[in-house]
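Colleague: Could you take me closely through one part of this model, the paired strands and the packing around them, and then connect that part to the rest of the fold?

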Amino acid sequence: MRELLWQIEELNRQQETWDVVGYVDVSDANGTIRVGDREYPYLGNDDFLLSQSEETNVAVCVGDPSLRRKIAQKLQANPYIRFPNLIMGDTRICSDVKLGQGVIISMDCRVSTNVSIGDFTFLNIGAVVCHDGRLGDYVTLSPDVRLAGNVAVGSGTDLGMGTRVIQGIRIGSQVITGAGSVVVRDLPDGCTAVGVPARVHELRFV
């Protein structure tokens, strides 16, 4: 959350885009978050958002895909809540890219032509998606992840920092890769893969 707030501040320095009124969490004993020279107030827990009766923009910015899904699905019960796409500064995104709702694309990301990105997917700082990529809903690309062309990533997958994926690979749903992994073969649903090249370390129940 703190890093996203900083990125929004940087974006607003280039062009005033978002006015952040505060943040929501399960609880916060301090009542504020400080980012740079600005403090953001704690507004309450999820019930604060569920009680809104006017149109309210919300960014679900937790990194864990399963928790992000749980929060987003809960908040979607309130028809007044909107989930805009947050596109930070210093990104390059082709005009034909298709985005779902609630997508966060961090600074220094590159998204090439004919790419589709599903709902509530999060591209962290420096992630790259090359041509013809397909990312499902609730995917997380950690900082510096690189997907070559024509890579498909299933919903709820979490690619660890610096993961590299060669062209044409299919990665299943709810997959986790370790930091620095290099994926050269398709990965099945629900697995954890680590190493160079990445090998399936654990196959979880999905």
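Modeller: Strand 2 and strand 3 are a good place to begin: they run antiparallel and are joined by 4 bridges. This is a predicted model, and what follows should be read in that light. Within this pairing, T32 of strand 2 stands opposite P41 in strand 3. The hairpin that the two strands form has 2 residues between the strands, and G36 in this hairpin takes a positive phi near 60°. Strand 2, which spans residues 32-35, has two unlike faces, for I33 and V35 make up a covered face while T32 and R34 make up an uncovered one.

Strand 3 (residues 38-44) also carries Y42, which is partnered by Y23 of strand 1 (residues 23-24), so this aromatic pair ties together parts that are 19 residues apart in sequence. The ring centres of Y23 and Y42 lie 5.6 Å apart and the planes meet at 50°, so the pair is classed as tilted. The two tyrosines are not equally covered: Y23 counts as buried at 5% relative accessibility, whereas Y42, with a relative accessible area of 24%, is partly exposed.

The search of the whole structure gives 3 aromatic pairs, and another of them is formed by F83 and F120, which meet edge-to-face with 5.0 Å from centre to centre and 75° between the planes. Both of these residues sit in loops, F83 between strand 5 (81-82) and strand 6 (86-87) and F120 between strand 11 (116-117) and strand 12 (122-123), so the pair ties together parts that are 37 residues apart in sequence. F83 and F120 are both buried, and together with Y138 they form one aromatic cluster.

From here one can turn to the open sheet, whose 5 strands follow the order 8-11-14-17-20 with parallel pairing. Its edges are strand 8 (98-99) and strand 20 (170-171), each of which pairs on one side only. Inside that order, strand 14 (residues 134-135) and strand 17 (residues 152-153) pair in the parallel sense over 2 bridges, and R134 has A152 in strand 17 as its bridge partner.

The nonpolar packing can be followed through some of the same residues. The largest nonpolar core has 27 residues, and those with the most contacts inside it are L123, V129, L135, L141, L147 and I171. Leaving out residues up to four places away in sequence, I171 touches A152, V153, G154, T157, L159, V165, V183 and L187. There is also a second, separate core of 14 residues, which includes V35, M88, I104 and M107; V35 is thus a residue of this second core as well as of the covered face of strand 2.

A polar residue deserves the same attention. T163 lies in the loop between strand 18 (158-159) and strand 19 (164-165), and with a relative accessible area of 0% it is buried. A polar atom of the T163 side chain lies 3.5 Å from the backbone oxygen of G178. Setting aside neighbours within four places in sequence, the residues in contact with T163 are D144, V145, R146, T177, G178, G180, S181 and V183, and V183 also appears among the residues that I171 touches.

As for the cysteines, a search of the whole structure finds 0 disulfides. C94 is in no disulfide, and its nearest cysteine sulfur, that of C130, is 12 Å away; C109 is likewise in no disulfide, with the sulfur of C130 as the nearest cysteine sulfur at 12 Å. In their surroundings the two residues differ, since C94 counts as partly exposed at 27% relative accessibility, while C109 is buried with a relative accessible area of 0%.

A second antiparallel pairing can be set beside the one with which this account began. Strand 23 (residues 191-194) and strand 24 pair in the antiparallel sense over 4 bridges, and V194 has R199 in strand 24 as its bridge partner. The hairpin of these strands has 4 residues between them, and there G195 takes a positive phi near 105°. Strand 24 (residues 199-203) is hardly covered, with a count of 0 buried residues among its 5, whereas strand 2 has a covered face in I33 and V35.

How values were computed:
Residues numbered from 1 in each chain as written. Predicted model: local features only at pLDDT ≥ 70, side-chain atom pairs only at ≥ 80, totals over all residues. Heavy atoms only, no water. Buried < 20%, exposed > 50% of the residue type's maximum accessible area, 1.4 Å probe, protein only. Polar contact = N/O pair within 3.5 Å; in protein donor to acceptor, adjacent residues only side chain to side chain. Contact = heavy atoms within 4.5 Å. Pairing = 2+ DSSP bridges. Core = buried A, V, L, I, M, F, W, Y, C linked by side-chain atoms within 4.5 Å. Disulfide = S-S within 2.5 Å. Phe/Tyr/Trp six-rings, centres within 6.5 Å; stacked < 30°, edge-to-face > 60°.
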